[in-house]
Amino acid sequence: MKKILITGGAGFIGSHVVRLFVKQYPQYHIYNLDALTYAGNLENLKDIENEPNYTFLKGDIVSEELMHQLFQQYSFDAVIHLAAESHVDRSISDPLSFIKTNILGTVNLLNAAKNIWQDNYEGKLFYHISTDEVYGSLGETGLFTETTAYDPRSPYSSSKASSDHLVRAYYHTYKMPVVISNCSNNYGPNQFPEKLIPLAINNIKKMKPIPIYGKGENIRDWLFVIDHASAIDKIFHEGTVGETYNIGGINEWTNIDLIHKMCEVMDKKLNRENGTSASLITFVKDRAGHDMRYAIDSSKLMNELGWQPSLQFEEGIEKTIDWYLENESWMNRITDGSYEKYYEDQYEKR
Ligand code: NAD
Ligand code: TYD
């Protein structure tokens, strides 16, 4: 049985990846390693937590000793590395925690894997999950491709760029089998409500102001999280070692148009008069160093591996809004902090 270590599996994207692998591959044992920071929530995995091919490991990738110990103990065959500090605004106020987790944590994992794999790399893979933000900021035209020069501009994107370089360095220097993917902005169920889409849904529902940075003209390319998980599945199984794959939604929106679209959908769902939710839009001070536009060319992944996003944005945003409206208790437990007790109740009191 293949033993796969997924890091950051209690977070937004990680929980969808863990679920997909646990359900789709009973021949794999999935180990979910997560420090359960503010962004990690085991409630995201309630439906699969008792599956026989799933094990949760609580641990911090910044601990070099723990990483070596876990690799010695479990002899993982592959790693899908998602654990990271992921929010740009937090990286502006606290860069150091991004350096620790995203850079040091990644090197600790690489070293621990190298330590047990280096005599025979056959069948091993270190898959590093990264972001399109490493490429910097686009003007009105153009797309990021796999050969676009790195030009990160926030502490978050710089720390992710650094980790990408280190993963490539282990491929070239130590011949470690690695693969990297760089994805655009994700949206969908279980996203922590500090990111634009869940934050806006929560505020619209509660009739609170929707904060838009600057003039709302910045552009992001949005991908449904389930489609990111399916791309990760494809790349993990069919990607070429040493290669990089860009993943994107071919779905660019200015922030202000995106919020107007969401307001329209939510007015209908909440039986509000058209325009009620949009009246909550409030322009606030811009983010420092705010990247203007991200847009991804994913033709390599589409042409070489045959991946396609499964749905159009209109459908994805409706599904997402429905999920948040139907899972009010998930949001309430996050916003009142009680989700953090879930681990204690589920694991420490057992
Ligand atoms: P998230 O913040 O929702 O989840 C991160 C997870 O990592 C949490 O469960 C957290 O507890 C865990 N974690 C953080 N520090 C840790 C540490 N030191 N040790 C162990 N676990 C730790 O993030 P996300 O949005 O799900 O992003 C997952 C990955 O995908 C990240 O590497 C991110 O850079 C990348 N990514 C995200 C997006 C996006 O739009 N969210 C887009 C492209 C790439
Ligand atoms: P975010 O979800 O933080 O993702 P990222 O910064 O990684 O792209 O932000 C998406 C866009 O929305 C970005 O241009 C910043 C903007 N934004 C707001 O206008 N208001 C907000 O409250 C937040 C969180 C983001």
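In the predicted model, strand β6, spanning residues 178-183, is mostly covered, with 6 of its 6 residues buried. Burial extends to both faces of β6: Val-178, Ile-180 and Asn-182 are buried on one side, and Val-179, Ser-181 and Cys-183 on the other. In general terms, the side chains of a regular strand alternate between the two faces of the sheet. For Cys-183 the relative accessibility is 4%, and this residue therefore counts as buried, the limit being under 20%. Strand β6 pairs with strand β5 (residues 125-131) in the parallel sense, over 6 bridges, and within this pairing Ile-180 of β6 is the bridge partner of His-128.

Strands β5 and β6 belong to an open sheet of 7 strands, whose order is β3-β2-β1-β4-β5-β6-β10 and whose pairing is parallel. The edges of this sheet are taken by β3 and by β10 (244-247), each of which has a single partner strand, so that one side of each is left without a neighbour in the sheet. Averaged over the sheet and with direction ignored, neighbouring strands are turned by 20° against each other. Elsewhere in the same order, strand β1 (residues 2-7) runs parallel to β2 and is joined to it by 6 bridges, with Ile-30 in β2 serving as the bridge partner of Ile-4. Two helices may be described in relation to these strands. Helix α5, formed by residues 155-174, lies across β5, β6 and β10 and runs at about 155° to β5, whereas helix α7, formed by residues 225-238, packs on the sheet with contacts to β1, β2, β4, β5, β6 and β10, its direction making about 145° with that of β5.

A further open sheet consists of 3 strands in the order β7-β9-β11, and its pairing is mixed. Here β7 and β11 (252-254) stand at the edges with a single partner strand each, and one side of each is therefore left without a neighbour in the sheet. The average turn between neighbouring strands of this sheet, direction ignored, is 50°. The pairing of β9 with β11 is antiparallel and extends over 3 bridges; across it, Arg-220 stands opposite Trp-253 in β11. Helix α8 (residues 255-269) lies across β9 and β11, and its course is at about 90° to β11.

Aromatic contacts were examined next. A pair of aromatic rings is described by the distance of the centres and the angle of the planes. The structure holds 21 aromatic pairs, including that of Tyr-31 and Phe-76, whose ring centres are 5.4 Å apart and whose planes meet at 65°, so that the pair is classed as edge-to-face, a label that requires an angle over 60 degrees. Because Tyr-31 lies in strand β2 (residues 28-34) and Phe-76 in the loop between α2 (64-74) and β4 (78-81), this pair ties together parts that are 45 residues apart in sequence. Both Tyr-31 and Phe-76 are buried. Another pair, that of Tyr-187 and Phe-224, is tilted, with 5.5 Å from centre to centre and 55° between the planes. Since Tyr-187 lies in strand β7 (residues 185-187) and Phe-224 in strand β9 (residues 219-224), this second contact ties together parts that are 37 residues apart in sequence; Tyr-187 and Phe-224 are likewise buried. One aromatic cluster is formed by Tyr-31, Phe-71, Tyr-74, Phe-76 and Trp-117.

Charged side chains were also found over aromatic rings. Arg-90 lies over the face of Tyr-38, at 3.4 Å from the ring centre, and the charged end of Lys-300 sits over the ring of Tyr-245, at 4.8 Å from its centre.

With regard to cysteines, a search of the whole structure finds 0 disulfides. Cys-263 has a relative accessible area of 1% and is therefore buried, and Cys-183 in β6, as noted above, is buried as well.

Outside the strands, Asp-60 is placed in the loop between β3 (54-58) and α2. Its relative accessibility is 38%, and Asp-60 therefore counts as partly exposed. With residues up to four places away in sequence left out of account, Asp-60 touches Ala-35, Leu-66 and Met-67. The C-alpha atoms of Asp-60 and Thr-37 are 9.2 Å apart in space, while the two residues are 23 residues apart in sequence.

Technical notes: Residues numbered from 1 in each chain as written. Chains lettered and ligands numbered in written order. Predicted model: local features only at pLDDT ≥ 70, side-chain atom pairs only at ≥ 80, totals over all residues. Heavy atoms only, no water. Phe/Tyr/Trp six-rings, centres within 6.5 Å; stacked < 30°, edge-to-face > 60°. Helix = DSSP H or I, 4+ residues; strand = E, 2+ residues; numbered from the N terminus. Buried < 20%, exposed > 50% of the residue type's maximum accessible area, 1.4 Å probe, protein only. Lys NZ or Arg CZ within 6 Å of the ring centre and 35° of its normal. Disulfide = S-S within 2.5 Å. Pairing = 2+ DSSP bridges. Axes fitted to C-alpha atoms, helices over the stretch in contact; angles between N-to-C directions. Contact = heavy atoms within 4.5 Å.
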